[in-house]
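Reader: I'd like to learn how to read a model like this one. Can we start with the empty space inside?

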Amino acid sequence: MSASSLHTLLHRPDVWRANDTATDACPTVSTGHPALDAELPGGGWPVGDMSEVLTDCCGHGEVSLLLPMLAQASQADGWVVWVAPPWYPNVSTLAAAGLRTHRMLVIQAGSAGERVWALRHALNSRACSAVTGWLDRVDTALLRRLQLAVREAALPLLLFRPASDAHIASPAALRLQVSVAAEGEVRIDILKRRGRPANRPVHLGTRPGIPVRRADIVRRRPALALVG
């Protein structure tokens, strides 16, 4: 093959190169953080796929990573659903960040199976504009069920999981590991994304004070609580 033929082949739009960042592999919605968008394929959270935030942070503003996207989603007619957050959201702080809190649903669920059940039904309801949840001790089979549900729903699905799950394989299209870098700042390592691997962390300022008190999680069966 001549050099000119190889050049033409490599620049065909249907040829993916290992050093490319996938820019048009799937629709996305901006994270609202330009530095993070610049590192993500398509420039944001993937729509119709799972994204995972792997972290042991609690109360350091890690939830603020999602706030711009959730604020935008709350402007639509659908519900913004939180499944099994470990703390009750601080409604005043969320409202200050631009969320229409009367469009929020907080679903309390105990076991991993109950949480996945609630997430799948929220996705399948066609009544939500964004869905996020907190999962631990979840197996790959449950994650694959969520992956199927989010593809049919065509929504962004954001999951918080323990940092210790980073070594466990996941069908999520995007995996971010978040740790505290300094007061009011988190470090984000991109563990998995479409296209070439990331080779540098992203540092973002955070908005502390989202949680206010630990949720009294109902473990007998999923329940609904309206916030706002």
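Author: Sure. A cavity is a set of grid points where a 1.4 Å probe fits but cannot get out. Rolling a probe the size of a water molecule over the atoms shows where empty space is left. Keep in mind that this model is predicted.

Reader: How many cavities of 30 Å³ or more does the structure hold?

Author: There are 2 of them, and the largest has a volume of about 80 Å³. Of the 10 residues lining that largest cavity, Pro41, Pro46, Ala173, Leu174 and Arg194 are the closest to its centre. Sorted by class, its lining comes out as 6 nonpolar, 2 polar and 2 charged residues.

Reader: Now helix packing. At what angle do α5 and α6 pack?

Author: Two packed helices are described by the angle between their axes and the distance between the axes. Here α5 (residues 112-124) and α6 (residues 140-153) pack at about 10 degrees, with axes 9 Å apart. Angles under 35 degrees count as roughly parallel, so that is how α5 and α6 run relative to each other.

Reader: Which residues meet there?

Author: On the α5 side they include Val116, Leu119 and Leu123, and on the α6 side Leu142, Leu146 and Val150. By class, this contact has 9 nonpolar, 2 polar and 2 charged residues.

Reader: And where does pLDDT stay under 50?

Author: Over residues 212-228. For the chain, the mean pLDDT is 82, with 79% of residues reaching 70 or more.

Notes
Residues numbered from 1 in each chain as written. Predicted model: local features only at pLDDT ≥ 70, side-chain atom pairs only at ≥ 80, totals over all residues. Heavy atoms only, no water. Axes fitted to C-alpha atoms, helices over the stretch in contact; angles between N-to-C directions. Helix = DSSP H or I, 4+ residues; strand = E, 2+ residues; numbered from the N terminus. Parallel < 35°, antiparallel > 145°, perpendicular 65-115°, else oblique. Contact = heavy atoms within 4.5 Å. Nonpolar A, V, L, I, M, F, W, Y, C, P; charged D, E, K, R; others polar. pLDDT = per-residue confidence, 0-100. 1 Å grid on protein atoms, 1.4 Å probe; cavity = no way out; pocket = protein on both sides within 12 Å on 5 of 7 lines; lining within 4 Å. Points joined across faces, edges and corners; volume = space filled by probe spheres on them.
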